[in-house]
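Please look over the sequence and the 3D structure shown below, and then follow this report through a few of the places where parts of the chain meet.

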Amino acid sequence: MPSVKRLQHTSVPMPPGGDDQARAFYGEALGMPEIPKPTGLKHLTVVWFAANDAGDEVHVFQEQNMGPNSAEQHLCLEVDDLEGFRNRLHERGYETRNPEVIGNRPRLFVRDPFGNLVELVEILGQYT
């Protein structure tokens, strides 16, 4: 029976002209390297980032009439040092908030420059 192997990428919107802000947040604040977009997409305004060495990606695309989505709609990135990321984000002026506690899964929420909600989680074991 066919099965899903992993989440390969997620796409989040940015308004026109948001490329540099996307690079500052995803590239600098989160430390995700920008990767070249495929030749067939060169004409599109989209910035791609590698989330890890396993091929997981975040694609930030231009949305002409960007509007609000569900307030809790988000992407989640597993990290290896949650407090290190919290400090890095605060140093760059991003506010973070602590959501409800999940045992063995310390996490935080932060909004990117375009209002997209991003969760960072450190997985310490099976959740409780």
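## A walk through the model

T96 lies in strand 6, where strands are DSSP runs of E with at least two residues, helices are DSSP runs of H or I with at least four residues, and both are numbered from the N terminus. This is a predicted model, in which local features need pLDDT of at least 70 and side-chain atom pairs count only at pLDDT 80 or more, while totals for chains, interfaces and linings use all residues. Residues are numbered from 1 along each chain as its sequence is written, and side-chain values use heavy atoms, with hydrogens and water left out.

The side chain of T96 makes a polar contact of 2.8 Å with the side chain of H90. A polar contact is a pair of N or O atoms within 3.5 Å; within protein, one of them must be able to donate a hydrogen and the other to accept it, and residues adjacent in sequence count only if both atoms are side-chain atoms. Leaving aside neighbours within four places in sequence, T96 is in contact with R86, L89, H90, L108, F109 and V110, where contact means heavy atoms within 4.5 Å.

**The two helices**

Two packed helices are described by the angle between their axes and the distance between the axes. Here, the axes of helix 1 (residues 19-29) and helix 2 (residues 82-91) come within 11 Å and cross at roughly 145 degrees. These axes are lines fitted to C-alpha atoms, for helices over the stretch in contact, and the angles run from 0 to 180 degrees between N-to-C directions. On the side of helix 1 the contact is made by F25, E28 and A29, and on the side of helix 2 by F85, R88 and L89. The residues of this contact between helix 1 and helix 2 divide into four nonpolar, no polar and two charged; Ala, Val, Leu, Ile, Met, Phe, Trp, Tyr, Cys and Pro count as nonpolar, Asp, Glu, Lys and Arg as charged, and the others, Gly among them, as polar.

**The nonpolar core**

In soluble globular proteins, nonpolar side chains tend to be buried together. Which residues touch the most other members of the largest nonpolar core? Of its 24 residues, they are F25, Y26, L30, V60, L89 and L120. A nonpolar core is a set of buried Ala, Val, Leu, Ile, Met, Phe, Trp, Tyr and Cys residues joined through side-chain atoms within 4.5 Å. The largest share of this core, four residues, comes from helix 1. L30, not counting residues up to four places away in sequence, touches F25, L77, F85, R88, L89 and L120.

**Buried and partly exposed places**

Buried means under 20% relative accessible area, exposed means over 50%, and partly exposed lies in between, as found with a 1.4 Å probe and protein chains only. The table sets out some residues by their place and their relative accessible area.

| Residue | Place | Relative accessible area |
|---|---|---|
| N116 | loop between strand 7 and strand 8 | 10%, buried |
| L117 | strand 8 | 3%, buried |
| P16 | loop between strand 1 and helix 1 | 41%, partly exposed |
| A24 | helix 1 | 24%, partly exposed |
| N52 | loop between strand 3 and strand 4 | 34%, partly exposed |

A polar atom of the side chain of N116 lies 2.7 Å from the backbone oxygen of P13, and N116 touches V12, P13, M66, V110 and R111, not counting residues up to four places away in sequence. L117 and V12 are 105 residues apart in sequence and 9.5 Å apart in space, C-alpha to C-alpha.

For N52, a polar contact of 2.6 Å joins its side chain to that of D56, and a polar atom of the N52 side chain lies 3.3 Å from the backbone nitrogen of G55. The C-alpha atoms of N52 and M32, 20 residues apart along the chain, are separated by 7.6 Å.

**A positive phi**

Most residues other than glycine have a negative phi. N104, although not a glycine, has a positive phi of about 65 degrees. The place of N104 is in the loop between strand 6 (96-97) and strand 7 (107-111), and N104 is partly exposed, with a relative accessible area of 35%.
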